[in-house]
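Please open the structure in your viewer and keep the sequence panel beside it, so that each selection can be followed in both.

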Amino acid sequence: MVALNESDLGKLTRIKVSGYIQAQFESNGPDLVKPNDAANTFYIRRARVKFTYEATDGIKFVLQPDFSTGNLSLKDAYAVAALPKLPSLTLWAGQFNRPNYEVEYSSGQREVLERSRLIRTIYPGEREVGAKLEFNPVTVPLKLQLALLNGNFTGKEQKDIDTRKDLMARAGYSLHFPSSGIGVDLGIHGYYGGLRAKNSYLSGYDRSLDSTATNTGSYLDKKWAGAEVQVFFDVLGGMAVKGEYISGNNAFIGDSRSNPYKIRKFSGYYAYLIKNIGKKNQLVGRYDYFDPNTTLKGDEAGSELFYKTLTLAWQYYLNDNIRISLNYEIPKNETNSAYPHDIEDNVFGLRVQAKF
């Protein structure tokens, strides 16, 4: 009995439980509010519990559900195994974050309430289902990731909708200058995939409708590349500048002539300025730009407008577990005859985050 109890206790000590709850108040600009709907509300933005089981050295299992308001979903469910005789090389399998800086940067640590419009558009749901190889050598500040993915994840776990898989890769390298108190992280990433058209209706790069039968069964390009940099300064309490640029082709599912498959050229970027004020306060500014259709401008772009968004935020760290965040997002959209004025879609958010 003693031996059995010790064995069971040994298994329990390998389990780590962590998580966080984000209670949020949000007030939306008038153009974001439907008739007779509330312009502001309290709600639970995220409520996550993460279970990590370290089976043996180099092998672990991760499970993370999300219990946020109106959204019970599975965020992470994957296994990680270090390859024999190559401990720096690990194999991931399951549902995990796509290899991208802002995607992989936890929403429990991020300095503003939500990711940039660029990242939310090309990586909806943040996660994907597939397999990934990750290389982290001990002696070199290098990180390489190569993932084979279904390529159609939108926030809920689902099987692939076509036969072809998507390929994604990311490489990062860190530089440290201790004498000057500066650290620099550099990275690049690329996405190579496609979306199979299952009907004959396709809206091309210039928004013209092509209804020839040859579209059915063809793969529409989802291919892009990006570069990133993060600079950290150990001065006056700490400061950071972070940014990323991504450009390429994206494709979207359609089901009819009025809602055809779409293929678009896009580009976008974001830049953060983060300044710590003492140990309790942090001021943040983020500017992001996203153009969903770089081929067309003005009236020809129709509703596919580019956005320039300024986000201002303040964080107060009450202690190691409680953080209070104020956030004001100010989007400015392209104008044309269909949208002659800036859409009133500013968003104010107040969040209390408790983590454990």
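The tour below goes from paired strands to the nonpolar cores, in a model that is predicted.

Begin by selecting strand 4, residues 71–83, together with strand 5, residues 86–97, which pair in the antiparallel sense over seven bridges. Within this pair, pick Val 80 and look across to strand 5, where its bridge partner is Trp 92. Then move to the hairpin of these strands, where two residues lie between strand 4 and strand 5, and select Lys 85, which takes a positive phi near 65 degrees.

Next, keep strand 5 in view and add strand 6, residues 127–135; the two run antiparallel and are joined by nine bridges. Selecting Asn 97 leads to its bridge partner in strand 6, Arg 127.

Now turn to the largest nonpolar core, which has 27 residues, and select those with the most contacts inside it: Leu 118, Ile 119, Ile 122, Tyr 123, Trp 224, Ile 246 and Phe 266. Among the elements that each supply at least two residues of this core are strand 4 and strand 5, already visited, as well as helix 3 (117–122) and strand 13 (239–252). Strand 14 gives the most, with four residues.

Which residues surround Phe 266, once its neighbours within four places in sequence are left aside? Its contacts include Leu 118, Ile 122, Trp 224 and Ile 246, and also Asn 249, Phe 290 and Pro 292.

Finally, select Leu 195, Ala 251, Tyr 261 and Ile 263, which are among the seven residues of a second, separate core.

How values were computed
Residues are numbered from 1 along each chain as its sequence is written. This is a predicted model: local features need pLDDT of at least 70, side-chain atom pairs count only at pLDDT 80 or more; totals for chains, interfaces and linings use all residues. Side-chain values use heavy atoms; hydrogens and water are left out. Two strands pair if DSSP finds at least two bridges between them. A nonpolar core is a set of buried Ala, Val, Leu, Ile, Met, Phe, Trp, Tyr and Cys residues joined through side-chain atoms within 4.5 Å. Buried means under 20% relative accessible area, exposed over 50%, partly exposed in between (1.4 Å probe, protein chains only). Contact means heavy atoms within 4.5 Å.
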